[in-house]
Amino acid sequence: MIWLSVLLFLQASAANTQIQRGQTLFNSDGKCGTCHALKGKGTAVGPDLKVLGKVGVRALVTAIRASRTEYVETIKLKTGDPFPGMKVASSDATTLQYYDLSKTPPDLRKFAPADVESKSDNSSWKHPPSAGGYTNEQMADIVAYIRWAATGERKAVDPSDVE
């Protein structure tokens, strides 16, 4: 019976260590927390990951590694270069608000609808983790952190499950 308690303690300790590593990666400069917020840290630009953290490990990894996102548009103003932008829900008839995803962290830009030359589906901006080069171990750590932050689940994620 004692060996079972020791085994459970070791598993919980390993999961906590993985969650801590995932949190560190998530909140590192230029990483996930640049556009997403969890547990009161990060920037709430991108979609809320609390919902995504409730899905299975493979589904979560697929979403993280997705290279395109339906939320990003290419915005071309009448002056200046086009930029990949994510619309802010509080935009209204007189002022459009978009996060400029070409900046790190994303820059909130406000402009009049009349200043827009064109808007189109994004064709060039890629979700950073798709090109980030995370190892399977790092991805497992990030997934463990997101799942813990979303659900409170303290379960280790096997790196082989994120391949």
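In the predicted model, Gln18 is found in helix α1, which spans residues 2-26. With a relative accessibility of 5%, Gln18 counts as buried, because the threshold for that class lies under 20% relative accessible area. When residues up to four places away in sequence are set aside, the contacts of Gln18 comprise Ala140, Asp141, Ala144, Lys155, Ala156 and Val157. Among these partners, Ala144 also enters a C-alpha separation computed for the C-terminal part of the chain: the C-alpha atoms of Ala144 and Asp158 are 9.3 Å from each other, the two residues being 14 apart along the chain.

Asp158 itself is found in the segment that follows α5, and it is assigned to the partly exposed class, its relative accessible area being 42%. Together with Glu137, Asp161 and Glu163, Asp158 forms a negative surface patch. Glu137, in turn, is found in helix α5, which covers residues 136-151, and its relative accessibility of 47% places Glu137 among the partly exposed residues. Both values fall in the partly exposed class because that class lies between the limits of 20% and 50%, and both residues also qualify as patch members in terms of accessibility because the patch criterion asks for over 30% relative accessible area.

With regard to the overall organisation, the secondary structure of the protein amounts to five helices and seven strands, and these elements follow one another along the sequence in the pattern α-β-β-α-α-β-β-β-β-β-α-α. Of the 163 residues of the protein, 36% count as buried. Among contacts between residues at least 6 apart in sequence, 55% join residues that are at least 24 apart. The protein exposes about 9,500 Å², and 54% of this area is supplied by carbon and sulfur atoms.

Two features of the backbone geometry, each located in a loop between strands, complete the description. The peptide bond leading from Thr104 to Pro105 is cis, with omega near -5°, and Pro105 lies in the loop that connects β5 (96-100) with β6 (107-111). Lys39, a residue other than glycine, has a positive phi, with a value near 55°; this residue lies in the loop between β1 (37-38) and β2 (41-42).

Methods
Residues are numbered from 1 along each chain as its sequence is written. This is a predicted model: local features need pLDDT of at least 70, side-chain atom pairs count only at pLDDT 80 or more; totals for chains, interfaces and linings use all residues. Side-chain values use heavy atoms; hydrogens and water are left out. Patches are made of residues with over 30% relative accessible area and no salt bridge: like charges are joined within 9 Å, nonpolar side chains (Val, Leu, Ile, Met, Phe, Trp, Tyr) within 5 Å. Accessible areas come from the Shrake-Rupley method with a 1.4 Å probe; for residues, only the protein chains shown count as cover. A salt bridge is a side-chain nitrogen of Lys or Arg within 4 Å of a carboxyl oxygen of Asp or Glu. Lys and Arg count as positive and Asp and Glu as negative; His and the chain ends are not counted. The place of a charge is taken as NZ of Lys, CZ of Arg, CG of Asp or CD of Glu. Helices (H or I, at least four residues) and strands (E, at least two) are DSSP runs, numbered from the N terminus. Buried means under 20% relative accessible area, exposed over 50%, partly exposed in between (1.4 Å probe, protein chains only). Contact means heavy atoms within 4.5 Å.
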